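Reader: I am new to this structure. Please take me through one part slowly, then show me what lies around that part.

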Amino acid sequence: MKDTAPKPQDLLEIAVRVARDGAATARRMRAEGVSAVATKSTATDVVTAADRAVERQVIADLRVARPGDTVLGEEYGVSGDRPAAGAAVRWILDPIDGTVNYLYGLPNYAVSLAAEVDGVVVAGVVRNIATGTEWTATLGGGAYRDGHRLHGSAETDLAQALVGTGFGYDPARRLHQARVLLGLIARVRDIRRAGAAAIDLCLAAEGAIDAYYEKGLNAWDQAAGGLVATEAGLVLGGLKGQPAGPDLVVAAPPALFGPLHDLLVELDAAGGP
């Protein structure tokens, strides 16, 4: 990141303000009734009018705050002109992470917004739309939940670890993930599946779960939550030295990352469809 780049804290302040306004819109639309439900990759991969409305709103607000930036959003892809090299800021947005929870009224869905400077995520916010809980982080500045510093779990024994995960929408991928889970579940304390990857990463950051893994995450699923996790002291990565990405995202305290990584390699968690 170059000296001319904006400060992470300044970007975080923009992200928090914009995410809060987006969350308010999603909450209002939920109270009015979920509408215009459609599907994307499969019949179970849903998108609502609120997903699209929040994304449009966040993009518009970011253009007012920083008109030269680009936005990568889940629903509309890349928006904005390509910025000049050396001062490139890209915002990475999931307008409603956990849309199925939103559809069913389960209180675990969030606006996730991160700022990336020259390819490095430097600021991020994840705001639970239903509860108002807010996780934030800046690169080198730590991670926080509602103003309280986060440090991750102190658990060191994988057999006693509560591990979060999620499942894809494609039936063949779900089947492979179920086989991985079958091999994992007897070797950890238990498994949790909350249905929103950004929130799962934040729960790992605060130690509400001890570790987290999932296959098939996109940039908008993990950008903000991943920064919260790493700034809380967790190791974030893929398998066999690969970075966290679509093949696999693993987030765990240093003492758990190695044993969980090796078990996931053994179970071929990054394999399958």
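The answer below starts with one strand and works outward.

Reader: Please look closely at strand E7 (120–128). Which strands does E7 pair with, and is E7 largely enclosed or left open?

Author: First, the ground rules. This is a predicted model, in which local features need pLDDT of at least 70 and side-chain atom pairs count only at pLDDT 80 or more, while totals for chains, interfaces and linings use all residues. Residues are numbered from 1 along each chain as its sequence is written, and side-chain values use heavy atoms, with hydrogens and water left out.

Now the strand. Helices (H or I, at least four residues) and strands (E, at least two) are DSSP runs, numbered from the N terminus. Seven of the nine residues of E7 are buried, so E7 is largely enclosed by the rest of the structure. Buried means under 20% relative accessible area, exposed means over 50%, and partly exposed lies in between (1.4 Å probe, protein chains only).

Take the E6 side. Two strands pair if DSSP finds at least two bridges between them. E6 and E7 run antiparallel and are joined by eight bridges. One contact point to find on screen is Leu113, whose bridge partner in E7 is Val125.

Next, the E8 side. E7 and E8 also run antiparallel, joined by five bridges. Val125 appears here too: its bridge partner in E8 is Thr136. In a regular strand the side chains alternate between the two faces of the sheet.

Now the turns. Asp118 sits in the loop between strand E6 (110–117) and strand E7 (120–128). The hairpin of E6 and E7 has two residues between the strands. Asp118 has a positive phi of about 50°, although Asp118 is not a glycine. Most residues other than glycine have a negative phi. Asp118 is partly exposed, with a relative accessible area of 34%. The hairpin of E7 and E8 has five residues between the strands. In that turn, Gly132 has a positive phi of about 85°.

Step back to the sheet. E7 belongs to an open sheet of eight strands, in the order E4-E3-E5-E6-E7-E8-E9-E10, with mixed pairing. Strand E4 (77–79) and strand E10 (148–149) stand at the edges. Each has a single partner strand, so one side of each is left without a neighbour in the sheet.

Go past E8. Strand E8 (residues 134–138) and strand E9 (residues 142–145) run antiparallel, joined by four bridges. Thr138 has Gly142 as its bridge partner in E9.

Two helices meet this sheet. Helix H2 (residues 49–65) packs on the sheet and touches strand E3 (70–73), E4, strand E5 (89–97) and E6. Contact means heavy atoms within 4.5 Å. The direction of H2 makes about 155° with that of E5. Axes are lines fitted to C-alpha atoms, for helices over the stretch in contact, and angles run from 0 to 180 degrees between N-to-C directions. Helix H6 (residues 219–231) reaches E7 itself: H6 lies across E3, E5, E6, E7, E8 and E9. H6 runs at about 100° to E7.

Beyond this sheet is another one. Five strands form an open sheet in the order E12-E11-E13-E15-E14, again with mixed pairing. Its edge strands are strand E12 (190–192) and strand E14 (235–237), and each pairs on one side only. Neighbouring strands of this sheet are turned by 20° against each other on average, direction ignored. Inside the sheet, strand E13 (residues 211–214) and strand E15 (residues 249–252) pair in the antiparallel sense over three bridges. Tyr213 stands opposite Val250 in E15.

This sheet has a helix too. H7 lies across E13, E14 and E15, and runs at about 145° to E15. In the segment after helix H7 (254–266) comes Asp268. Asp268 is another residue other than glycine with a positive phi, near 60°. Asp268 is partly exposed, with a relative accessible area of 42%.

One last residue. Ala172 is found in helix H4 (residues 171–184). Ala172 is partly exposed, with a relative accessible area of 40%. Ala172 and Gly238 are 66 residues apart in sequence and 21 Å apart in space, C-alpha to C-alpha.

Back to the start: E7 is paired with E6 and with E8, and seven of its nine residues are buried.
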